[in-house]
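Grab your viewer and work through the exercises below. Each one sets a task and then walks through a solution.

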Amino acid sequence: MLGIVLAGHTGFASGTLKSLKHLLGSVPEQCVSVEYTEWLSTNMLSRMMCDALHAADSGDGVVFITDILGAAPFRSAALMSHKHPKCEVVVGIGVGAMVQLFPQRGMLTAAEFRDSALELTRVQATSLWHEQNRHTVFGMVVEEPLER
């Protein structure tokens with residue numbers, strides 16, 4: 001099964017893991033969280049990320065899910081992904097996409113999980129304005145408000 005490492009700034013990883021436990025009924029197997037706090041050096045973060053990678057990996061690969069593109073947890077995960085062929089890094093996906101994808105981890109490669117996560121996030125991302133101004137005309141979605 002594909003392993004998952006949730007990594008981010010204080011509260012992101014542990015909060016996401018708590019949400020997943022609540023929504024899925026239990027803590028997902030092979031899912032590890034790493035918190036990057038203000039007192040943690042980037043060297044220590046890298047060591048923790050490496051430990052998490054090995055704890056989550058059963059041989060099928062690992063996906064790092066990070067909070068901010070370019071931030072220390074993302075950079076650390078990116079460096080590890082270059083050393084491990086079955087390792088991918090995804091940033092900015094929501095808990096809703098994770099809930100849909102986690103049950104499929106036994107069937108997806110790390111690259112397939114990455115692609116599916118991005119596709120789900122593109123479909124799920126919206127705003128109140130967009131939802132209020134979405135209209136269906138003859139079965140087609142019209143993004144611009146209709147004139148009356």
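## Exercise 1: Strand pairing

Task: find how many bridges join β3 to β4, and work out the order of the strands in the sheet.

Step 1. Strand β3 (residues 62-66) runs parallel to β4, and 5 bridges join them. Here strands are DSSP E runs of at least two residues, helices are H or I runs of at least four, and both are numbered from the N terminus. Two strands count as paired if DSSP finds at least two bridges between them. One example is Val63, whose bridge partner in β4 is Glu88.

Before going on, a word on the ground rules. This is a predicted model, where local features need pLDDT of at least 70 and side-chain atom pairs count only at pLDDT 80 or more, while totals for chains, interfaces and linings use all residues. Residues are numbered from 1 along each chain as its sequence is written, and side-chain values use heavy atoms, with hydrogens and water left out.

Step 2. Now turn to β1. β1 pairs with β3 in the parallel sense over 5 bridges, with Gly3 matched to Val62 in β3. β1 also pairs in parallel with β2, over 6 bridges; there, Ile4 has Cys31 as its bridge partner.

Step 3. Put the pairs together: the 4 strands make an open, parallel sheet in the order β2-β1-β3-β4. β2 (31-36) and β4 (87-91) are the edge strands, each pairing on one side only. From one strand to the next, the twist averages 20°.

## Exercise 2: Helices on the sheet

Task: say which strands helix α1 and helix α3 lie across, and whether β1 is largely enclosed or not.

Step 1. Helix α1 (residues 12-24) lies across β1 (3-9), β2 and β3, and runs at about 135° to β1. Contact means heavy atoms within 4.5 Å. Axes are lines fitted to C-alpha atoms (for helices, over the stretch in contact), and angles between N-to-C directions run from 0 to 180 degrees.

Step 2. Helix α3 (residues 72-83) lies across β1, β2, β3 and β4, at about 160° to β4.

Step 3. In β1, 6 of the 7 residues are buried, so the strand is largely enclosed by the rest of the structure. Buried means under 20% relative accessible area, exposed means over 50%, and partly exposed is in between (1.4 Å probe, protein chains only).

Step 4. For handedness, β1, α1 and β2 make a right-handed β-α-β unit. That is, with the strands pointing away from the viewer, the path from the first strand over the helix to the second runs clockwise.

## Exercise 3: Salt bridges

Task: how many salt bridges does the structure hold, and which parts does the Glu88 and Arg114 pair tie together?

Step 1. The count is 4 salt bridges, each a side-chain nitrogen of Lys or Arg within 4 Å of a carboxyl oxygen of Asp or Glu.

Step 2. Glu88 and Arg114 meet at 2.9 Å, N to O. Glu88 sits in strand β4 and Arg114 in helix α5 (residues 110-124), so the pair ties together parts 26 residues apart in sequence. Glu88 is buried at 18% relative accessible area, whereas Arg114 is partly exposed at 23%.

Step 3. Another one joins Asp51 to Arg47, with the closest N and O atoms 3.2 Å apart. Both residues lie in helix α2 (residues 42-56), 4 residues apart, about one turn of the helix.

Step 4. Arg122 and Glu119 pair at 3.7 Å, N to O. They are 3 residues apart in helix α5, about one turn. Finally, salt bridges that share partners join Glu88, Arg114 and Asp115 into one network.
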